[in-house]
Amino acid sequence: MSVGVSTSTPLLPASDTDVVTSAFSLVDYVVFALLLVLSLAIGLYHAFRGWGQHTVGQLLMADRKMGCLPVALSLLATFQSAVAILGVPSEIYRFGTQYWFLGCCYFLGLVIPAHVFIPVFYRLHLTSAYEYLELRFNKAVRICGTVTFIFQMVIYMGVVLYAPSLALNAVTGFDLWLSVLTLGIVCTIYTALGGLKAVIWTDVFQTLVMFLGQLVVIIVGSTRVGGLGNAWEVASQHGRISGIELNPDPFVRHTFWTLAFGGVFMMLSLYGVNQAQVQRYLSSRTEKAAILSCYAVFPCQQVVLCMSCLIGLVMFAYYQKYPMSTQQAQAAPDQFVLYFVMDLLKGLPGLPGLFVACLFSGSLSTISSAFNSLATVTMEDLIRPWFPQFSEVQAIMLSRILAFGYGLLCLGMAYISSQMGPVLQAALSIFGMVGGPLLGLFCLGMFFPCANPPGAIVGLLAGLVMAFWIGIGSIVTKMAFGVAPSPSNISSFSLPSNLTTVAMTTLMPSTTRSRPTGLQRFYSLSYLWYSAHNSTTVIVVGLIVSWLTGGMRGRTLNPRTISPVFSRLVDLLPLSCQKRFHCKSYSQDLSVDTPAFPEKMSNGMLKNSRDKEAMAVPEEGSAHQGSSPTFILQETSL
C-alpha cells in the first residue's frame with residue numbers, strides 16, 4: 001500500500017493548503033452511500049442470522065467453516081488498503097515501473113507461508129497466532145508477542161483511517177470528519193456484531209468494488225490518452241519504463257534484488273505470522289483449503305499490482321497531454337491520483353463516487369481486520385487464560401465489547417493523528433518497525449529447536465531496538481541534514497503494497513546532494529530489507545542467548561511446534577549433524593498422542609465433533625506406517 005507522504009511535501013488539511021477543485025454530484029453521493037449501506041447490511045445479516053445461538057468460535061473464527069475463495073479475497077483485501085490505491089500509481093507516475101518488480105516476490109512470499117507456517121498453526125488448532133508462542137516457549141513470550149502486536153495495530157489503525165480521508169478532503173472537499181466518523185462507526189458495528197464471518201464476506205464485496213473502481217479509471221483514462229499502448233509509449237519516451245536494475249547495493253531504494261528478495265521477508269511478515277491473516281487461514285474448513293486460499297491470493301495480487309501500475313502510467317500520459325495545474329503540481333504525492341480521477345471522470349456522474357467507494361472499501365477492509373484481530377488476541381491471549389471460568393455467553397459479550405472498544409479507540413487515534421503534524425510519519429513508521437521482529441520470533445521457534453524462552457524474549461527486544469534505531473535514526477538524520485529533491489529520482493514516502501511496510505517507506509530518506517557515509521548510510525538501508533534485517537537480528541541474538549542459557553536442556557519441547565520443513569532440511573545434512581539436532585528424540589516424542597490444548601478441551605472451547613476430531617484424527621493420507629523419524633515429525637496429526 002502506499003500513502004505518498006513526503007517531508008518535502010507535507011500532507012496538510014485542505015483548509016490550510018488546497019483549494020477544492022471538484023465537487024461530488026448527487027449521484028456520486030448515492031453510489032458512495034450504497035457502499036456503506038451494503039457493507040453494513042452484509043455485516044448485520046451475519047450478525048442476526050442465528051442470533052442467540054452464536055459461540056465464541058463462530059464470532060472469532062467463523063466456526064472454522066469458511067471456503068477457499070472468500071478467505072483468499074479477504075486475505076487480499078486485508079492488506080490492500082486505501083493507501084495502496086493512492087500510493088502505488090503515484091510511485092509509478094513519479095519514478096517509473098521499477099516498483100512493478102515487487103510482483104516477483106509474491107510467489108515465494110505466499111508459498112512459504114502455505115507450506116511452512118499454515119501446517120503448524122492449523123494442526124495446533126489455534127485461535128490466536130500467539131498461542132503458538134506459549135506452546136513453543138512459555139506464557140511470558142506469548143504475552144510479549146501479543147502486546148507488541150496490539151501496540152503495532154493500535155498505532156496504525158487510526159492513521160489508516162485518517163490519512164485517506166485527509167487526502168480526499170484536500171482534493172474533493174469531501175468533509176474530513178464526516179468521512180472518518182462514517183467509516184469508523186459503520187466498520188465498528190458490523191465487525192463487533194457479525195464477527196469474522198461478517199468481516200470476510202464484507203471483504204469479498206469490498207474487494208469487488210476496489211477492482212471495479214480501478215478498472216473504470218484504467219478504461220476511461222486509456223481512451224483519453226489514445227489507448228494503453230500509447231500510454232506505454234509516452235512513458236517510455238520520458239524514461240518511466242524501467243529495466244531490470246541488478247545493483248546488489250541494499251542501500252539503493254528499489255532494485256530487482258531489493259524488490260524480489262527483500263520483498264519476500266516483507267510478505268512473510270504479513271502472510272506468514274500476522275494475526276489478521278493467520279486468523280483467516282484458521283477459519284478455513286480444512287488445512288488444504290487454507291493452503292489453497294494462500295495460493296489463490298497470488299494471481300489476485302498480481303492483477304491488483306498491474307492495475308495500480310497501469311493507472312500510474314495512464315496518469316503520466318494524461319498529464320503529458322493535459323498538464324497539471326500549479327495547485328496539483330504542488331500537492332502531496334498521495335493526492336495525485338485523486339486529482340487525476342477528478343479531472344478524468346468529471347462530467348461522468350457516478351464514476352467519481354465509484355472511485356471514492358473503491359478508496360473507502362480499502363479502508364473498511366483493513367480497519368475491520370484490525371478490529372477483529374485485536375479483539376481476538378485480547379480475548380484469547382490476555383483475558384481468557386486468566387479468567388477461564390467465563391461462560392460462552394459472557395465470552396461472546398466480552399468479545400463484542402472489545403471490538404466496539406477498539407472501534408472507539410480507532411476514532412480516538414484518528415483524532416490524535418490529526419494533531420500530530422510532522423510526527424505523523426513517525427507514527428506510520430512504528431507500524432512497519434514491528435513486523436520484522438515478530439517474523440523473527442516465529443522463525444526462531446519453528447526452525448531452531450535449541451531456542452529457549454530467554455533467547456526468544458531477548459531476541460525480540462533486540463529486534464525491536466534495532467528496528468527503532470534504524471527507523472528513527474533515518475527520520476532524525478533526514479530532518480537534520482534536510483532534503484534536496486531532484487526531479488527524477490527523489491525518494492518519496494510512498495507506502496508499498498502491504499500493511500507491514502506501510503510505514504517502512506516513510507522511513508526512507510530522500511536523495512541528497514552528497515552520498516551518505518557512516519551511520520547516515522546505515523540509516524539509508526532500503527525499507528524493503530527492514531523485515532529481513534530485523535528478523536535476522538531476532539534469530540541471531542535469540543540463538544546466542546539460548547546457547548548461553550543452556551538451550552532446551554531441562555525443558556520440554558513440543559514437537560508439533562517445529563515446522564515440518566525443518567525435518568526435511570535436517571535430512572539434507574550429514575548424519576553427524578543430524579544427531580546434533582536430536583531428530584530422533586523429537587520423533588519419539590511425537591509417538592505419544594497428546595492433545596495440543598488439553599486445557600481448551602476441559603474448558604469447552606472445542607464445542608463440535610469436528611473440532612475434537614481435528615485434535616485427534618490425522619488428515620487422510622497424513623499417517624505413514626514405517627515412516628522415518630523425519631516424516632513422523634512432518635506428518636504427525638493432531
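A residue counts as buried when its relative accessible area is under 20%, as exposed when the area is over 50%, and as partly exposed in between. The legends below use these words for a predicted model.

**Figure 1. The whole chain is built from helices, with zero strands.** The predicted model has 27 helices. Of the 638 residues in the chain, 61% count as buried. The chain exposes about 23,500 Å², and carbon and sulfur atoms supply 67% of that area. Among the contacts with a separation of 6 or more, 85% come from residues 24 or more positions apart. The search for salt bridges over the whole structure finds eight, and some of them appear in the next three views.

**Figure 2. Arg 253 and Glu 91 meet in a salt bridge.** Their side chains come to 3.0 Å, N to O. Glu 91 belongs to helix α5 (residues 82-95), while Arg 253 sits in the loop between α10 (228-237) and α11 (256-271). The pair links distant parts of the chain, 162 residues apart. Glu 91 has a relative accessibility of 2%, so it counts as buried. Arg 253 counts as buried too, because its relative accessibility is 11%. Side chains of opposite charge can pair when their charged atoms come close.

**Figure 3. Glu 287 and Arg 123 form a salt bridge between two helices.** The closest N and O atoms are 2.8 Å apart. Glu 287 is in helix α13 and Arg 123 is in helix α6 (residues 106-123). With their positions 164 residues apart in the sequence, this pair links distant parts of the chain. Glu 287 is buried because its relative accessible area is 5%. Arg 123, at 21% relative accessibility, counts as partly exposed.

**Figure 4. A network of salt bridges links Glu 134, Lys 139, Arg 142 and Asp 381.** One of the pairs is Glu 134 with Arg 142, whose side chains meet at 2.4 Å, N to O. Is each partner in this pair buried or partly exposed? Glu 134 has a relative accessible area of 26%, so it is partly exposed. Arg 142 counts as buried because its relative accessibility is 8%.

**Figure 5. Helices α13 and α15 pack against each other at an angle of about 65°.** Helix α13 covers residues 287-321 and helix α15 covers residues 336-345. Their axes are 11 Å apart, and the crossing is left-handed. On the α13 side, the contact is made by Ile 311, Val 314, Met 315, Tyr 318 and Tyr 319. On the α15 side, it is made by Phe 336, Val 337, Tyr 339, Phe 340, Asp 343 and Leu 344. By class, the contact has ten nonpolar residues, no polar residues and one charged residue.

**Figure 6. Gly 362 in helix α16 touches residues far away in sequence.** Helix α16 spans residues 351-383. The relative accessible area of Gly 362 is 0%, so this glycine is buried. Leaving out residues up to four places away in sequence, Gly 362 touches Gln 80, Ser 81, Ala 82 and Met 210. Gly 362 and Ser 81 are 281 residues apart in sequence, yet their C-alpha atoms are 3.9 Å apart in space.

**Figure 7. Cys 187 lies in helix α9.** This helix runs over residues 176-224. Cys 187 is buried because its relative accessible area is 0%. Apart from neighbours within four places in sequence, Cys 187 is in contact with Leu 364, Ile 367, Ser 368 and Phe 371. The C-alpha atoms of Cys 187 and Leu 36 are 9.0 Å apart, and the two residues are 151 residues apart in sequence.

**Figure 8. Arg 64 and His 125 have a positive phi.** Most residues other than glycine have a negative phi. Arg 64, in the loop between α3 (56-61) and α4 (68-78), has a phi near 55°. For His 125, which is not a glycine, phi is about 55°. The place of His 125 is in the loop between α6 and α7 (131-136). Are these two residues buried or exposed? Arg 64 counts as buried because its relative accessibility is 9%. His 125 is buried, with a relative accessible area of 6%.

Definitions and conventions. Residues are numbered from 1 along each chain as its sequence is written. This is a predicted model: local features need pLDDT of at least 70, side-chain atom pairs count only at pLDDT 80 or more; totals for chains, interfaces and linings use all residues. Side-chain values use heavy atoms; hydrogens and water are left out. Axes are lines fitted to C-alpha atoms, for helices over the stretch in contact, and angles run from 0 to 180 degrees between N-to-C directions. Helices (H or I, at least four residues) and strands (E, at least two) are DSSP runs, numbered from the N terminus. A crossing is left-handed if the near helix is turned anticlockwise from the far one by less than a right angle, and right-handed if clockwise. Contact means heavy atoms within 4.5 Å. Ala, Val, Leu, Ile, Met, Phe, Trp, Tyr, Cys and Pro count as nonpolar, Asp, Glu, Lys and Arg as charged, and the others, Gly among them, as polar. A salt bridge is a side-chain nitrogen of Lys or Arg within 4 Å of a carboxyl oxygen of Asp or Glu. Buried means under 20% relative accessible area, exposed over 50%, partly exposed in between (1.4 Å probe, protein chains only). Accessible areas come from the Shrake-Rupley method with a 1.4 Å probe; for residues, only the protein chains shown count as cover.
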